[in-house]
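Biologist: I am new to this structure. Can you walk me through how to read it?

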Amino acid sequence: MRRTIAVLIALLAAVLASMVAPAASAAPYCGIRWGSLPERAAATETAPLVDVRAGRHTCFDRLVLDVAGDADGYSVRYVSAVRMDGSGQLVPLRGGAYLEVVAIAPAHDSAGRPTYRPADPRELVAVSGWRTFRQVAWAGSFEGQTTIGLGVRARLPFRAFTLDGPGAGSRLVIDVAHRW
């Protein structure tokens, strides 16, 4: 009888322990451990912006700002509205959330000649039908920095970083996850 009671107590203890033990958290989506807080890097060098492009990947959409030289300063953050550099005018964007991408890279050279002139400031990159991106729009280049508005489906995890190349250039890369 004592043995039966001991077995029952052990089983009851195991059941109770499994009920109060923390549930195992689900693995992060595609191993992504990014967040949605602002990301920035202080500029140590600057060079002119020459192109804006984007790509689709399995787990995220990617925005790339190409710079003609070493440039490493940026600020990327979710905002309630993106505004034009200089004037403060609203930049209309599609999407449920908006990322303000500021590159410490002017869109002109030292002589004031444009190095990047968007064909359509409202649609820098065609992202219609993409999983996360909804719109990439020009917000201006003023006082040594360029601002891009990135409309996304929702406030999703993102990361921002710079890469060297191609050639003597560099790139500001912004990845936005497809989901949490």
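**Reading the contacts**

Modeller: Start with one contact. R53 and D66 meet through their side chains in a salt bridge, 2.7 Å from N to O. R53 lies in strand 2 and D66 in strand 3, so the pair ties together parts that are 13 residues apart in sequence. Keep in mind that this is a predicted model.

Biologist: What is the general idea behind such a pair?

Modeller: Side chains of opposite charge can pair when their charged atoms come close.

Biologist: Are R53 and D66 buried or exposed?

Modeller: Buried means under 20% relative accessible area. D66 is buried, because its value is 10%. R53 is at 35%, so R53 counts as partly exposed.

Biologist: Which strands form the sheet around this pair?

Modeller: Four strands form an open sheet, in the order 2-3-11-10, with antiparallel pairing. Strand 2 (49-56) and strand 10 (158-164) stand at the edges. Each has a single partner strand, so one side of each is left without a neighbour in the sheet. From one strand to the next, the twist averages 15 degrees.

Biologist: How many bridges join strand 2 and strand 3?

Modeller: Seven bridges, in the antiparallel sense; strand 3 covers residues 60-67. Opposite R53 stands V64 of strand 3.

Biologist: Back to charges. How many salt bridges does the whole structure hold?

Modeller: A search of the whole structure finds seven. One of them joins E100 and R77 through their side chains, at 3.0 Å from N to O. This pair links distant parts of the chain. E100 is in strand 7 (residues 97-103), R77 is in strand 4 (residues 74-79), and they are 23 residues apart.

Biologist: How accessible are E100 and R77?

Modeller: E100 has a relative accessible area of 13%, so E100 is buried. R77 is at 33%, so R77 counts as partly exposed.

Biologist: What does E100 touch, beyond residues up to four places away in sequence?

Modeller: Read contacts as a list of neighbours. For E100 they are S75, V76, R77, V79, V82, T147 and I148.

Biologist: Which residue forms a salt bridge with R94?

Modeller: E123 does, with the closest N and O atoms 2.9 Å apart. Again, the pair links distant parts of the chain, 29 residues apart. Both residues sit in loops: R94 between strand 6 (90-91) and strand 7, E123 between strand 7 and strand 8 (133-142). R94 counts as partly exposed at 42% relative accessibility. E123 is partly exposed too, with a relative accessible area of 28%.

Biologist: Which residues are joined into one network by salt bridges that share partners?

Modeller: R62, R159 and D175. R159 also has a role in another kind of contact. The charged end of R159 sits over the ring of F60, 5.7 Å from the ring centre.

Biologist: Now rings with rings. How many aromatic pairs are there?

Modeller: The structure holds four. For any pair, read two values: the distance between centres and the angle between planes. W130 and F133 form one such pair, 5.9 Å centre to centre, with 10 degrees between the planes. Planes under 30 degrees apart count as stacked, and this pair is stacked.

Biologist: Are W130 and F133 buried or exposed?

Modeller: W130 and F133 are both buried.

Key:
Residues are numbered from 1 along each chain as its sequence is written. This is a predicted model: local features need pLDDT of at least 70, side-chain atom pairs count only at pLDDT 80 or more; totals for chains, interfaces and linings use all residues. Side-chain values use heavy atoms; hydrogens and water are left out. Two strands pair if DSSP finds at least two bridges between them. Helices (H or I, at least four residues) and strands (E, at least two) are DSSP runs, numbered from the N terminus. Axes are lines fitted to C-alpha atoms, for helices over the stretch in contact, and angles run from 0 to 180 degrees between N-to-C directions. A salt bridge is a side-chain nitrogen of Lys or Arg within 4 Å of a carboxyl oxygen of Asp or Glu. Buried means under 20% relative accessible area, exposed over 50%, partly exposed in between (1.4 Å probe, protein chains only). Rings of Phe, Tyr and Trp (its six-membered ring) pair if their centres lie within 6.5 Å; planes under 30 degrees apart count as stacked, over 60 as edge-to-face and the rest as tilted. A charge sits over a ring if NZ of Lys or CZ of Arg is within 6 Å of the ring centre and within 35 degrees of the ring normal. Contact means heavy atoms within 4.5 Å.
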